[in-house]
Amino acid sequence: FRGVFPFLRFSPSLSFSLFARRASLSSLALRPGATMSGGAADETDTAASDTLRAVLVPVTDERCSDQPWSPDQPTASHIGYIELNRPAALNALDVRMVEDMLKAMHAWRARRDVAGVVIRSVGSPDRRPVFCAGGDVKQVVERGLRGDVEWGLRYFRSEYHLNMTLATLAACTAGGMDVVAINDGITFGGGVGISIHNKYQVCTENTIFAMPECPIGLFPDVGGSYFLSRRGAMGVYLALCGARLHGMDVKRAGFATHYVHSSHIPGVMRAIARHGDIRAALDEGERLSVEGEWLSAEGSGVARFPFDIGLEEVFGYTSVETIAEACRRKAEAGGEFWVEALALLRRGSPTSLRVTLELLRRGRSMPLSECLMQENRVIQRLTRDTDSDFYRGVCARLVRKSSGEPAWGPVRDAVSLLEPLEPQYELQLGTRCVSHKL
């Protein structure tokens with residue numbers, strides 16, 4: 001096995017299983033504690049406590065299964081499955097998970113027989129649907145306060161490389177790989193980052209989408225300045241307020257390609273496992289969901305967000321001060337939506353709000369690679385300064401979990417936070433495909 005991927009260094013939280021025979025459906029269930037039996041494997045599966053699992057499985061369609069598989073055979077179609085398995089932390093990403101996922105994606109990208117990749121997750125211990133609650137910034141801050149800021153910088157650097165890798169795969173017109181994230185549940189921050197850049201994203205009636213970074217002294221990174229800046233006033237509202245979208249609204253807002261009711265996800269997975277055609281399986285799952293009774297049922301994907309509320313009248317302004325004032329006037333005039341929006345806006349770090357707005361302004365005309373480089377400049381400065389609002393916000397809201405507001409520091413100039421770094425600290429992004437302009 002290591003002869004196939006000699007450049008990979010294996011960690012306890014990642015395993016690749018190459019099945020030489022047809023995989024049964026049970027081998028794709030990816031339940032906590034389950035083993036992926038169903039074929040002869042060169043590497044055994046990881047234990048139930050592992051934080052990330054990666055497995056490569058041949059599709060079971062008879063047209064492919066009659067032929068013996070070998071590493072040099074480009075006609076055998078395989079699907080890669082990546083499962084986030086850190087349920088006690090709501091599948092929050094740590095550096096090991098990010099780097100293991102990055103290794104898996106690069107390894108599978110180098111092969112000629114991988115049709116696509118499915119990214120999904122284990123639910124929370126209380127059985128709440130959870131895809132990924134974001135990056136483990138609590139761990140970043142705690143290590144930083146102990147003097148190890150480099151660990152956090154390594155995490156963010158690896159995360160941005162993963163975001164770019166996923167986007168590159170989605171943009172390749174030749175030799176690309178279909179990647180889909182099944183966002184069945186909480187999808188926040190870093191969880192959005194491993195979904196939004198893929199070719200496909202699936203939301204369900206359980207999906208809760210948010211970029212809630214400003215209240216912890218951070219900003220919507222993982223390419224947020226790219227994908228949120230292309231959603232107009234909606235993107236500004238979500239970025240500054242950290243507001244949530246639910247169910248079908250995630251697709252309506254442009255952050256998912258498909259809506260599939262969770263009851264149809266197993267059927268979608270079976271279709272992908274059998275035929276290897278991700279797009280066809282998602283299309284059929286959405287058709288069944290939309291045509292069925294689910295959209296009119298209680299707790300389903302029926303719209304909740306008032307898309308006609310007039311976000312442009314408030315979040316179309318170009319400064320935090322004018323946005324806050326316009327929001328205040330709307331709230332005083334009545335309307336529960338604007339009262340809530342104002343309360344959310346006031347929870348954000350003043351510095352975070354300003355740097356977020358500046359990133360969105362610049363990001364509208366930048367490719368993803370430049371947006372990530374801009375975000376890296378800010379994250380480098382915030383992570384190295386243990387007295388920044390990033391540390392203050394995370395300590396107050398995630399470590400101490402105090403009921404009051406964090407003691408924000410003096411407002412910092414957004415433009416200065418975006419100034420170029422010394423060359424060795426700039427984010428160096430390489431791409432593997434020349435058919436895109438990311």
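**A walk through the predicted model**

Let's start at one glycine. G316 sits in the loop between α11 (312–315) and α12 (320–332). Keep in mind that this is a predicted model. Is G316 buried or exposed? Neither label fits: G316 is partly exposed, because its relative accessible area is 33%, and buried would need under 20%, exposed over 50%.

Who touches G316? Leaving out residues up to four places away in sequence, G316 touches A233 and L311. Now look at G232. G232 and G316 are 84 residues apart along the chain. Their C-alpha atoms are separated by 7.7 Å.

G232 takes us to a helix. Helix α7 covers residues 232–241. Its partner here is α13, residues 336–347. The two pack at an angle of about 50°, and their axes are 8 Å apart. How do we describe that angle? α7 and α13 are oblique to each other. Which residues meet? From α7 we have Y237, L240 and C241. From α13 come F337, A341, L344 and L345. The residues of this contact divide into 7 nonpolar, no polar and no charged.

Stay with α13 and move past its end. S349 lies in the loop between α13 (336–347) and α14 (350–363). Is this serine buried or exposed? S349 is buried, since its relative accessible area is 0%, and the cut-off for buried is under 20%. What does S349 contact? Beyond its neighbours within four places in sequence, S349 is in contact with C214, G217, D389 and W408.

On to the sheet. It is open and has 6 strands. The order is β1-β2-β3-β5-β7-β10, and the pairing is mixed. Look at the edges. β1 (52–58) and β10 (258–259) stand there, each with a single partner strand, so one side of each has no neighbour in the sheet.

Inside that order, take β5 and β7. β5 is residues 178–183, and β7 is residues 200–203. They pair in the parallel sense over 4 bridges. To find the register on your screen, pick A181, which stands opposite Q201 in β7.

Last, the whole chain. How many helices and strands does it have? The protein chain comes to 17 helices and 10 strands. It has 438 residues, and buried residues make up 57% of them. Now contacts. Take those with a separation of 6 or more: 74% of them join residues 24 or more positions apart. The accessible surface comes to about 18000 Å². Of that surface, 50% belongs to carbon and sulfur atoms.

Notes
Residues are numbered from 1 along each chain as its sequence is written. This is a predicted model: local features need pLDDT of at least 70, side-chain atom pairs count only at pLDDT 80 or more; totals for chains, interfaces and linings use all residues. Side-chain values use heavy atoms; hydrogens and water are left out. Two strands pair if DSSP finds at least two bridges between them. Buried means under 20% relative accessible area, exposed over 50%, partly exposed in between (1.4 Å probe, protein chains only). Contact means heavy atoms within 4.5 Å. Axes are lines fitted to C-alpha atoms, for helices over the stretch in contact, and angles run from 0 to 180 degrees between N-to-C directions. Angles under 35 degrees count as roughly parallel, over 145 as roughly antiparallel, 65 to 115 as roughly perpendicular and the rest as oblique. Ala, Val, Leu, Ile, Met, Phe, Trp, Tyr, Cys and Pro count as nonpolar, Asp, Glu, Lys and Arg as charged, and the others, Gly among them, as polar. Accessible areas come from the Shrake-Rupley method with a 1.4 Å probe; for residues, only the protein chains shown count as cover.
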